[in-house]
Number of protein chains: 2
Amino acid sequence: MIALDHLRHVNVEPARLARESYRAGKIEPTSGIAPGFTQANMIVLPRDWAFDFLLYAQRNPKACPVLDVSDPGSHSTILAAGADLRKDIPLYRIWRDGKLAEETADATAAWAEHPDLVSFLIGCSFTFETPMVEAGIEIRHMTDKCNVPMYLTNQPCRPAGRLHGNMVVSMRPIPANRVADAAMISGRFPSVHGSPVHVGAPELIGIADISKPDFGDAVRIEPGEVPVFWACGVTPQAAVMASGVPFAITHAPGHMFITDIPDSAYHA
Amino acid sequence: MIALDHLRHVNVEPARLARESYRAGKIEPTSGIAPGFTQANMIVLPRDWAFDFLLYAQRNPKACPVLDVSDPGSHSTILAAGADLRKDIPLYRIWRDGKLAEETADATAAWAEHPDLVSFLIGCSFTFETPMVEAGIEIRHMTDKCNVPMYLTNQPCRPAGRLHGNMVVSMRPIPANRVADAAMISGRFPSVHGSPVHVGAPELIGIADISKPDFGDAVRIEPGEVPVFWACGVTPQAAVMASGVPFAITHAPGHMFITDIPDSAYHA
């Protein structure tokens with residue numbers, strides 16, 4: 001848990017400037033942007049679906065660690081003063097009947113279709129990349145300035161109400177002698193996916209071709225490196241698709257909401 | 001998060017026997033019973049209130065760490081095979097319009113009043129008492145074979161929908177030179193209230209007389225001991241009262257649901 005009133009002396013300028021640039025129309029993956037500030041996945045659903053989703057998150061906390069839930073009809077969050085959830089993410093996806101209908105840099109028009117939307121902000125593994133880099137572990141998609149590779153696995157989440165679907169994972173290639181360090185460092189951040197769910201053996205979780213991610217970009221895996229998999233906040237989008245949810249707004253994979261909360265606030 | 005399929009080789013006989021004795025009518029506080037098995041607070045609400053409560057828990061995770069949520073109309077839980085949530089707690093409270101209407105050892109009749117009840121099982125600080133005792137820290141209410149003292153504070157929880165109320169805390173007197181150990185040991189169990197919310201100075205959280213707890217029994221505080229306060233799973237009952245919830249079933253304070261899950265599963 002974070003105690004927000006303890007954070008009022010944090011200088012949040014880098015986070016605010018990043019959000020402003022996205023509000024003005026800039027589109028980019030957010031890994032490495034405003035380092036040290038927690039980034040979040042987002043899924044926005046009509047009030048009628050909110051209990052099902054919150055229960056889905058409670059039952060699948062490693063994939064869907066909830067950082068904040070907005071009141072129905074609101075587009076603000078306690079995680080970032082003055083932010084507008086309709087505009088401050090670089091790229092949105094609009095979903096209709098479980099299908100991707102549109103990508104847009106401004107979700108205001110879609111948001112206006114429903115008066116009672118509830119926004120869920122969900123922890124993102126980018127949070128533990130900073131301490132991993134500080135420990136000397138290279139993050140390949142940061143080095144190569146691309147999006148993190150993400151895969152839809154064959155691992156079912158625990159269903160909740162009308163929602164079901166498989167887990168999505170992000171992958172980072174880690175040198176064999178640093179896998180334990182990567183596991184321990186990320187494990188200190190349980191609110192942002194925590195420790196890996198799977199190490200090596202991608203075929204065991206239904207990944208037939210590691211060079212073809214379902215979301216994001218493929219990255220090099222060098223000799224001596226092992227693919228390490230973390231539960232990913234794109235898992236809700238997989239549930240939207242699998243369950244045929246009538247209407248949802250999400251971030252586009254890798255294009256996150258940047259909060260005012262320092263990563264250290266989520267250190268267990 | 002616990003991975004339940006990893007636990008199938010645990011011998012759950014002590015937990016099962018305790019639940020059977022309560023189903024047969026035995027009434028006792030459960031601190032120290034079936035040591036090593038996680039105990040849980042319970043609150044049961046009609047489906048119409050379920051989103052408000054799950055959101056209240058999400059917004060107040062230190063007081064309301066959710067371990068499991070049952071499907072509407074169900075009285076089983078993944079945390080204990082074969083358990084019946086209507087009968088397997090030693091003592092229940094039935095609430096009507098925010099007021100305590102009845103205490104009973106069997107909630108079957110009350111449960112039958114609503115077809116769509118949703119049960120929330122919430123972590124209990126009894127879980128970290130075992131490792132504290134193992135570290136040589138005396139737990140006074142265990143020594144004196146009474147119920148843990150609990151207090152309604154003046155600290156408001158973050159509201160959610162129709163639910164609001166103040167935090168309830170449990171108190172354990174700890175020798176001044178072991179307070180740090182008690183904080184660190186309990187801090188390793190974030191799913192069961194985690195580290196203390198307050199140490200010493202009870203008047204600062206609205207406790208006028210430490211010898212008069214609002215729930216449970218008063219305990220001795222010896223010279224050199226400091227009262228240490230943990231967020232308590234009776235907090236939902238305070239919300240039921242403060243918010244005038246029309247109908248709820250809860251455990252009676254200190255009389256918990258004993259699960260089949262080993263305490264170690266909740267070690268961060």
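The legends below describe close-up views of a predicted model.

In this predicted model, local features need pLDDT of at least 70 and side-chain atom pairs count only at pLDDT 80 or more, whereas totals for chains, interfaces and linings use all residues. Residues are numbered from 1 along each chain as its sequence is written, chains are lettered from A and ligands numbered from 1 in the order in which they are written, and side-chain values use heavy atoms, with hydrogens and water left out.

**View 1. The open sheet of chain B.** Four strands (DSSP E runs of at least two residues, numbered from the N terminus) follow the order S6-S7-S9-S8 in chain B with antiparallel pairing, where pairing requires at least two DSSP bridges between two strands. Strands S6 (150–156) and S8 (198–199) of chain B stand at the edges with a single partner strand each, so one side of each has no neighbour in the sheet. S8(B) joins S9(B), residues 225–231, through 2 bridges, and Val199(B) lies opposite Val228(B) of S9(B).

**View 2. Helices on the sheet.** Helix H6(B), residues 179–187 (helices being DSSP runs of H or I, at least four residues), touches S7, S8 and S9 of chain B, contact meaning heavy atoms within 4.5 Å. The direction of H6(B) makes about 15° with that of S9(B), while helix H7(B), residues 235–243, lies across S6 and S7 of chain B at about 145° to S7(B); these angles, from 0 to 180 degrees, are between N-to-C directions of lines fitted to C-alpha atoms, for helices over the stretch in contact.

**View 3. Cysteines without disulfides.** The whole structure holds 0 disulfides, defined as cysteine sulfur pairs within 2.5 Å. The sulfur of Cys124(B) is 7.3 Å from its closest cysteine sulfur, in Cys232(B), too far for a bond.
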